[in-house]
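Reader: Got a minute to walk me through this model? I'd like the overall fold, then the ligand site, then a couple of local details.

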Amino acid sequence: MTKQLLVVENLDINFELHEKNVHAVRNVSFKVAEGETLALVGESGSGKSVTSMSVMRLLPEKFARYGKDSRITFDGISILDADEKTLRDLRGNRISVIFQEPMTSLNPFMRIGAQLIEAARVHNKKLGKKEAVQKA
Ligand SMILES: Nc1ncnc2c1ncn2[C@@H]1O[C@H](COP(=O)(O)OP(=O)(O)O)[C@@H](O)[C@H]1O
Ligand SMILES: [Mg+2]
């Protein structure tokens with residue numbers, strides 16, 4: 001059986017803002033196996049970005065509230081309970097994000113391959129050029 005790498009269960013996210021409460025994600029569950037590709041599809045404002053950012057715990061901690069039954073597990077690590085050090089080791093190494101709007105998140109003067117190679121090698125100093133190209 002292929003290994004489930006990412007398991008999201010009953011994900012519920014509220015933003016507790018001063019003036020109001022925004023219920024951004026309601027009871028979302030999905031799994032991603034090793035080597036599998038999953039697309040989240042939905043209209044603008046339906047919670048795709050908030051769901052994705054929560055997997056890396058990149059939501060503003062001051063305002064984001066996760067449901068008590070919400071669980072995000074990446075390769076056995078409970079993301080919602082993980083400490084900063086664990087998260088830092090995961091981010092960019094095992095879980096990465098290319099932010100929306102390629103003209104601002106990618107450098108238009110560099111080829112995309114070169115940017116992927118650079119990111120991979122910054123995060124893993126031992127990664128050789130050839131391996132980095134393969135990974136990219
Ligand atoms: N940092 C935030 N503070 C408050 N509300 C937010 C924040 N980020 C997103 N939201 C709200 O959460 C909802 C889902 O947004 P989002 O995940 O960006 O939608 P999508 O990516 O599907 O277009 C929207 O109502 C949005 O306004
Ligand atoms: Mg979005």
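Author: Here is a quick tour, with the ground rules up front. This is a predicted model, where local features need pLDDT of at least 70, side-chain atom pairs count only at pLDDT 80 or more, and totals for chains, interfaces and linings use all residues. Residues are numbered from 1 along each chain as its sequence is written, chains are lettered from A and ligands numbered from 1 in the order in which they are written, and side-chain values use heavy atoms, with hydrogens and water left out.

Reader: Fine. What order do the elements of the protein chain run in?

Author: From the N terminus they go β-β-α-β-β-β-α-α-α-α. That comes to five helices and five strands, taken as DSSP runs numbered from the N terminus (helices are H or I, at least four residues; strands are E, at least two).

Reader: And how much of the chain is buried?

Author: Buried residues make up 28% of the 136. Buried here means under 20% relative accessible area with a 1.4 Å probe, counting protein chains only.

Reader: Ok, ligand time. Which residues are closest to ligand 1?

Author: Gly45, Gly47, Lys48, Ser49 and Val50, out of 13 that surround ligand 1 (a heavy atom within 4 Å counts as near). The shell divides into six nonpolar, five polar and two charged residues. In that split, Ala, Val, Leu, Ile, Met, Phe, Trp, Tyr, Cys and Pro are nonpolar, Asp, Glu, Lys and Arg are charged, and the others, Gly among them, are polar.

Reader: Which atoms does the ligand's oxygen meet at Gly45 and Ser49?

Author: At Gly45, an oxygen atom of ligand 1 is 2.7 Å from a polar backbone atom. At Ser49, a ligand oxygen is 2.8 Å from an N or O atom in the side chain. Val50 has a polar backbone atom 2.9 Å from an oxygen of ligand 1.

Reader: Which element gives the largest share of that shell?

Author: Helix α1, with three residues.

Reader: Switching topic: where is Asn14, and is it buried or exposed?

Author: Asn14 is in strand β1, residues 4-16, and is buried at 15% relative accessible area. Its side chain has a 2.7 Å polar contact with that of Asn21 (a pair of N or O atoms within 3.5 Å; within protein, one must be able to donate a hydrogen and the other to accept it, and residues adjacent in sequence count only if both atoms are side-chain atoms).

Reader: Last one: which residues of α4 are buried?

Author: Gln115, Ile117 and Ala120. They pack against α5, residues 129-135, with contact meaning heavy atoms within 4.5 Å.

Definitions and conventions:
Buried means under 20% relative accessible area, exposed over 50%, partly exposed in between (1.4 Å probe, protein chains only).
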